[in-house]
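Trainee: I'd like a close look at one part of this chain before I lean on the rest. Could you walk me through it?

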Amino acid sequence: MANQVAFDNIKLRSLSTVSLGETPWKVADARLVLEDGSVLKAKSFGASGTQVGEVVFNTSMTGYQEILTDPSYAGQFVLLTYPQVGNTGVSFDDEESRQCFLAGLMIRNLSISASHWRGSESLGEYLCRKNIMGIYDVDTRALTRKLIKKGSLIGVLSTDKSKTNEELLEMSHSWSIVGVDMIDCVSCKSPYEWVDETDSEWEFNSKGGDGSTFNIVAYDFGIKLNILKRLVSYGCKITVVPSTWPASETLKMNPDGVFLSNGPGDPSAVPHIVETVKEILGKVPVFGICMGHQLISTALGGKSFKMKFGHHGGNQPVRNLRNNHVEISSQNHNFAIDPASLPKGVEVTHVNLNDGTCAGIAYPALNAMSIQYHPEASPGPHDSDYVFKEFTEMMKKNKHSA
Ligand SMILES: NC(=O)CC[C@H](N)C(=O)O
């Protein structure tokens with residue numbers, strides 16, 4: 001009987017399924033025109049219109065909704081190499097931010113039916129509601145091979161029949177993600193206290209902390225919610241502040257530590273934030289993830305560069321040079337820090353094993369540490385969760401030595 005009730009609940013909460021053969025989403029023809037002049041035909045299942053962005057490929061096999069809501073994808077089209085997408089629809093609990101900031105989604109096949117006990121709507125309905133373009137019937141394998149060969153390409157996606165291919169090509173040539181401040185449009189506008197509403201059933205680990213609490217200020221450059229959740233799990237009480245929040249205000253709050261989040265775009269395009277980071281470094285322990293890592297490294301004197309096609313996926317191998325352990329990590333970045341540009345005193349703590357790029361640094365003298373990838377793993381493996389613990393240990397040590 002109890003099983004029957006549970007089953008009925010699941011049925012009630014699951015998405016309605018549709019029979020094969022029907023097309024349960026609105027289909028329109030779409031074109032993707034790339035900056036190299038190639039034109040790809042596809043079917044649109046999300047918002048209609050014309051959108052420009054940089055095309056990057058992501059090799060994750062799960063977690064398309066977390067990818068869609070990762071603000072670091074602002075200005076980018078995400079092509080998923082996993083071929084069948086949409087079978088679990090979307091569910092409210094899986095959002096990584098308040099909005100989808102990416103330019104659009106490109107997939108091979110869209111599941112004809114979607115079902116999940118927490119599901120609230122289909123992927124197509126979701127994209128339409130969020131006004132995000134999505135296309136399927138794309139030869140994602142061929143396009144990925146092109147991106148690997150040529151590097152990330154600017155593309156223009158359009159459902160507008162009145163626009164010629166030449167006009168779309170022209171649009172692709174007049175847009176760039178390099179040198180543009182993309183953080184400003186994704187950051188929160190005023191500070192707020194983070195209240196964690198995560199049900200304990202979603203803790204993949206027992207609570208990570210040892211009962212200590214830490215007051216931290218988290219700079220929101222496009223922060224992913226699971227980072228906040230993991231920090232809470234390790235005992236942090238968090239005040240989230242906008243990217244323009246002055247260092248002097250942060251220091252007045254007397255935090256145990258400062259966290260610098262992930263975020264979209266080019267780290268060299270936000271020198272005002274680098275100045276803020278410079279003012280904070282050395283005064284309190286600082287931890288950065290992805291964009292946060294790039295900004296700490298830049299503030300220390302390092303230089304960033306644009307990678308050929310970046311790292312996007314949940315299967316990137318990283319070596320922790322301190323203990324020689326290899327982690328399988330979740331990553332999403334197109335820029336990286338040149339380790340040769342880092343000053344003496346900075347230790348490269350992690351390297352990406354696919355291409356040897358810098359994946360993490362530490363500057364113990366200034367109580368600073370950062371990693372280029374995503375320990376919150378949303379989506380992705382949890383191997384790197386220990387990094388949150390290292391941040392709390394750094395804050396604890398600093399508190400006791402004060
Ligand atoms: N996830 C991130 O923070 C990305 C950082 C930066 N936008 C890059 O592409 O390298």
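Over which residues does pLDDT stay under 50, and how many contacts beyond four places in sequence does the model have for them?

Mentor: Keep in mind that this is a predicted model. The stretch you're after is residues 1-22, where pLDDT stays under 50 and the model has 19 contacts beyond four places in sequence. Where pLDDT is low, the predicted coordinates shouldn't be read in detail. So don't pore over those contacts, because low pLDDT is a reason not to read coordinates in detail. For the chain as a whole, pLDDT averages 92, and 92% of the residues score at least 70. The model's ipTM is 0.98 and its pTM is 0.93.

Now for the domains. Domain 1 covers 11-173 and domain 2 covers 192-401. Taken over C-alpha atoms, their centres are 29 Å apart. Where they touch, 23 residues come from domain 1 and 22 residues from domain 2. On the domain 1 side, β3 (50-58), α2 (64-68) and α4 (140-150) each give two or more residues, and β3 gives the most, with 3 residues. By class, that side of domain 1 has 9 nonpolar, 10 polar and 4 charged residues.

Then there's the ligand. The residues around it include S72, C290 and M291, along with the run N262, G263, P264 and G265. Strand β16 (residues 326-338) gives the most to this shell, with 4 residues. N332, H333, N334 and F335 are also among the residues around the ligand. Sorted by class, the shell has 4 nonpolar and 7 polar residues, and no charged ones.

Key
Residues are numbered from 1 along each chain as its sequence is written. This is a predicted model: local features need pLDDT of at least 70, side-chain atom pairs count only at pLDDT 80 or more; totals for chains, interfaces and linings use all residues. A residue is near a molecule or strand if its C-beta atom, placed from the backbone, lies within 6 Å of it. Ala, Val, Leu, Ile, Met, Phe, Trp, Tyr, Cys and Pro count as nonpolar, Asp, Glu, Lys and Arg as charged, and the others, Gly among them, as polar. Domain bounds come from an automatic or database domain assignment. Two residues are in contact if their C-beta atoms, placed from the backbone, lie within 7 Å. pLDDT is the predictor's confidence in each residue, from 0 to 100.
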